[in-house]
Amino acid sequence: MPDQKIEAYTDPAGGWGSARSLVEILTREEIPASGAAMLMKQNKPGGFMCVSCAWSKPAKPATFEYCENGAKATAWEQTRKRIGPDFFERHSVTELLTWADYDLEEKGRITHPLRYDPQRDRYLPVSWEQAFEEIGRELKAIREEDPKAAVFYSSGRASLETSYMYALFARMYGNNNLPDSSNMCHESTSKALPQSIGVPVGTTVLEDFEATDLILFFGQNVGSNSPRMLHPLQDARRRGVPIITFNPLRERGLERFTNPQSPIEMLTRSSTQISTQYHQVKAGGDIAAIAGICKALFAMDRQAQNEGRPRVLDIDFLSEHTHGFEKFEKFCDRLEWPALEAKSGLKREGMEAAAAVYARARAVIGIYGMGLTQHRRGTETVQMFVNLLLLRGNIGRPGAGICPVRGHSNVQGQRTVGIADEPSLVPLDKLKAMYGFEPPTEKGMNTIETCEGVIAGKVKAFIGLGGNFIRAVPDTQRMEEAWRGIRLTVQVSTKLNRSHLVHGEIAYILPCLGRIEIDEQASGPQAVSMEDSTSCFHGSRGVASPISDHVRSEPWIVAQFAKATLAPNPKVDWNAWVGDYAKVRDAIEATYPEKFKDFNARLFEPGGLHKPLAARERKWETQTGKANFVVPPDGLDMDPDMKSDRRDVLDLITLRSNDQFNTTIYGYHDRFRGVKGTRQILFMNENDIERLQLADGETVDVVTEAADEFAREVKGLRIVKYDIPEGNCAGYYPELNVLIPLWHHDAQAKVPAAKAIPVRIAKAAELAVRD
Ligand SMILES: Nc1nc2c(c(=O)[nH]1)N[C@H]1C(S)=C(S)[C@@H](COP(=O)(O)OP(=O)(O)OC[C@H]3O[C@@H](n4cnc5c(=O)[nH]c(N)nc54)[C@H](O)[C@@H]3O)O[C@H]1N2
Ligand SMILES: Nc1nc2c(c(=O)[nH]1)N[C@H]1C(S)=C(S)[C@@H](COP(=O)(O)OP(=O)(O)OC[C@H]3O[C@@H](n4cnc5c(=O)[nH]c(N)nc54)[C@H](O)[C@@H]3O)O[C@H]1N2
Ligand SMILES: [Mo]
């Protein structure tokens, strides 16, 4: 573990800090100089699509269309380091369970298929044939008893081709148990937007950033998690477009940015101010903050009417296109400023200032991330944001729209091609007609339901297509204990992680090619495809040599699952699909003809193939046929079970450092937040530190405040005095997931409420005595 240092960081996002960090990781992962050539193909038409975030890929890419964290992701995947069979000769699984996430993944790419040997407590190499023979046999036996006892998880990285095949395999197996990472992420979006505007995804495209005249920015950390988005933001700022931010933390990427690819900015050390207003809303205070802005808008609108000036609200749009406006107006009228201030943590003047700018803007983009979705009322928070945009007709017009920033590089696309526990989201009739089987119609398990199923002993097999399920989900300790009761666990992975070590009775690790590698099949090297945050499909072609002769592609692995488990079906030629992925794309187009028109022919179209979105055309595919105002049924309350009146309970935000991709930890630094060499951190407001009689730098233990029988505790966090609202504290995911009760999730979408966990802080010594 490197030396620890906490010291405020004063540089902008991007800039020299970013350039240095990039060189560091390329060196550490032993990427040769040719690695730079590889980076030149990142996010370019005909090249490969970044394995990091899902941000839009422009039609005219920059010479270097990658960011510090995209380059880190490439280096991490294309590292020279390897985990071969000898690694497990040296390390038992029991030993590896004591390793940190960083140490596990840092050892390099897994080169051989592996099976857990309980006698030796080790993973040992196994042939692909033997692996699929046993996996197939087990899956068949489980299905005999109960076809709903197997679960097919996917992390959001696998391509459209792989995902389509995987979802079909699960349904032919006999269930809709297709939980995915989106269940922990933007599921709140997927639940909120169809009710509000009749589409499940954002409505903005990259061109909208060129036509917008205001950006509202809620709960997303652009500088670390989607840095390439800083380019359109910087361009907008240069045109004088204001950016109004709501975030409990002052995130550096939302304050200042130096484009590391601009020699002038780098040499002159100049930077662009990003946010023009910065509101440090309390965690979970967004419904109140947005309600406050709406209330102010209603007041301005009435005043304008009294004075005979043009209306502030877009009355034509409201009457022609929306439903529920009067009810929403009444809701806002009834709210009192003191309650809005208390719940949001903001002053009335702040909310009014945001409303004043909003009222003047012609076209507004609303951007958001996990700060809105990962709450008990995440779905309603997203709908509240849409309500605000509707008031001035900011959906379905150039330069305007709602822009959820998606996580994994193909998480949005996976849903588009059938990864869904909700059968109503999938054209089952079409699948039935195309493939001659009876698709299951019962709802499957999502991520939280899978966890509940594992605890109840109902899950007999878990297949993981990427990801690190056990580390990403809440209630780590309870889940790890229950997990060992599963009969079969199979993880398709690139790198070693904790989900391999906490395993079922029979356990496999199946190593796969990464997206950056050349994928050679019968018809030659293959391309795959993905969908970005702005609903554009892009082709991607691997450029690097495979890391080992023993790894296989994800489509190949999925096809082997199917062939080993299902009775032959003349209508599904898995071998032909694996031999030529264009045939899978034909099948995708046949299943979803409107979305994927001329898919193969247009695979590498610069800027991507735009998926049609009704709401962009102001066509509302909702039950009312209009865009709906949705009034939060619980008013301003974010968490009905939370005992927020207790003065010593804080709301804990779990978030990402600048040196990680989800559970993949690249290192122990969080440059922008001034943290070096540690992740065992608890950011606290100085008044809370004083009130709770603690001290900056002190080591503390954190305990969840929950009315159930389970003790949840993390020991040994270092307090860092930080600019964060009173009553909130923050620390890193996944280390703190142990503190999140499984039931602490969004009511509708079941996204774990990772951004407001009620906790108590105790001096380390006190707890030691109590123990
Ligand atoms: N480099 C890198 N890139 C990534 C990832 C990564 O781990 N590393 N992860 C990928 C994935 S899967 C995802 S989903 C995205 C995640 O990207 P983000 O959506 O940025 O996720 P978080 O890091 O969890 O940060 C959420 C932000 O919300 C703020 N916040 C917390 N609570 C609240 C609140 O109640 N209200 C408001 N308004 N703000 C709040 C936090 O301060 C933080 O700035 O990024 C993707 N891209
Ligand atoms: N407390 C808290 N919990 C959270 C969150 C939070 O903000 N706070 N965020 C949630 C969110 S938004 C998400 S998306 C989830 C993330 O949950 P997951 O998507 O399950 O987790 P990742 O960490 O992205 O998965 C990393 C692993 O993926 C494997 N991998 C990498 N590349 C590939 C590939 O190309 N193919 C295959 N097959 N495997 C690959 C590697 O083995 C690596 O160890 O976590 C959620 N959990
Ligand atoms: Mo995510």
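## Ligand 1 and its polar contacts

A polar side-chain atom of asparagine 69 lies 3.2 Å from a nitrogen atom of ligand 1, in what is a predicted model of the structure. Another contact of this kind involves the backbone, where a polar atom of glycine 371 is 3.3 Å from a nitrogen atom of ligand 1. An oxygen atom of ligand 1, in turn, is placed 2.9 Å from an N or O atom in the side chain of arginine 656. On its own, ligand 1 has 920 Å² of accessible area, and the protein covers 99% of it.

The elements that contribute two or more residues to the shell around ligand 1 are α11 (222-225), α19 (370-373), β25 (649-655) and β26 (660-661). There are 30 residues around ligand 1, and those that come nearest are Asn247, Glu251, Gly284, Asp286 and Gln660. Sorted by class, this shell holds 11 nonpolar, 15 polar and four charged residues. Because residues of the shell come from both domain 3 (187-405) and domain 4 (649-770), ligand 1 lies between these two domains.

## Ligand 2 and its surroundings

Around ligand 2 there are 32 residues, of which Glu105, Tyr153, Glu554, Thr663 and Tyr733 come nearest. By class, the shell of ligand 2 consists of 11 nonpolar, 15 polar and six charged residues. At least three residues of this shell are drawn from domain 2 (82-179 + 410-603), and at least three from domain 4 (649-770).

The polar contacts of ligand 2 involve both backbone and side-chain atoms of the protein. A nitrogen atom of ligand 2 is 3.0 Å from a backbone N or O atom of valine 492, while a polar backbone atom of lysine 495 lies 2.8 Å from an oxygen atom of the ligand. Threonine 663, which is among the residues that come nearest to ligand 2, has an N or O atom of its side chain 2.6 Å from an oxygen atom of ligand 2. Taken alone, ligand 2 exposes 930 Å², and the protein buries 96% of that area.

## The barrel

Strand β25, one of the elements that give two or more residues to the shell around ligand 1, also belongs to a barrel, which six strands close in the order β25-β32-β29-β31-β30-β33 with mixed pairing. From one strand of this barrel to the next, the twist averages 45°.

One pair within the barrel can be followed residue by residue. Strand β30 (residues 699-704) runs antiparallel to strand β31 (residues 713-721), and four bridges join the two. Across this pair, valine 702 is found opposite valine 714 in β31.

## The open sheet

A second set of six strands forms an open sheet, ordered β6-β5-β18-β17-β16-β7, and its pairing is again mixed. The edges are taken by β6 (122-125) and β7 (150-154), each of which has a single partner strand, so one side of each is left without a neighbour in the sheet. Neighbouring strands here are turned against each other by 20° on average, when direction is ignored.

At the edge formed by β7, the partner is strand β16 (residues 461-465), with which β7 pairs in the parallel sense over five bridges. Serine 154 has leucine 465 in β16 as its bridge partner.

Notes
Residues are numbered from 1 along each chain as its sequence is written. Chains are lettered from A and ligands numbered from 1 in the order in which they are written. This is a predicted model: local features need pLDDT of at least 70, side-chain atom pairs count only at pLDDT 80 or more; totals for chains, interfaces and linings use all residues. Side-chain values use heavy atoms; hydrogens and water are left out. Two strands pair if DSSP finds at least two bridges between them. Axes are lines fitted to C-alpha atoms, for helices over the stretch in contact, and angles run from 0 to 180 degrees between N-to-C directions. A residue is near a molecule or strand if one of its heavy atoms lies within 4 Å of it. A polar contact is a pair of N or O atoms within 3.5 Å; within protein, one must be able to donate a hydrogen and the other to accept it, and residues adjacent in sequence count only if both atoms are side-chain atoms. Accessible areas come from the Shrake-Rupley method with a 1.4 Å probe; for residues, only the protein chains shown count as cover. Ala, Val, Leu, Ile, Met, Phe, Trp, Tyr, Cys and Pro count as nonpolar, Asp, Glu, Lys and Arg as charged, and the others, Gly among them, as polar. Domain bounds come from an automatic or database domain assignment.
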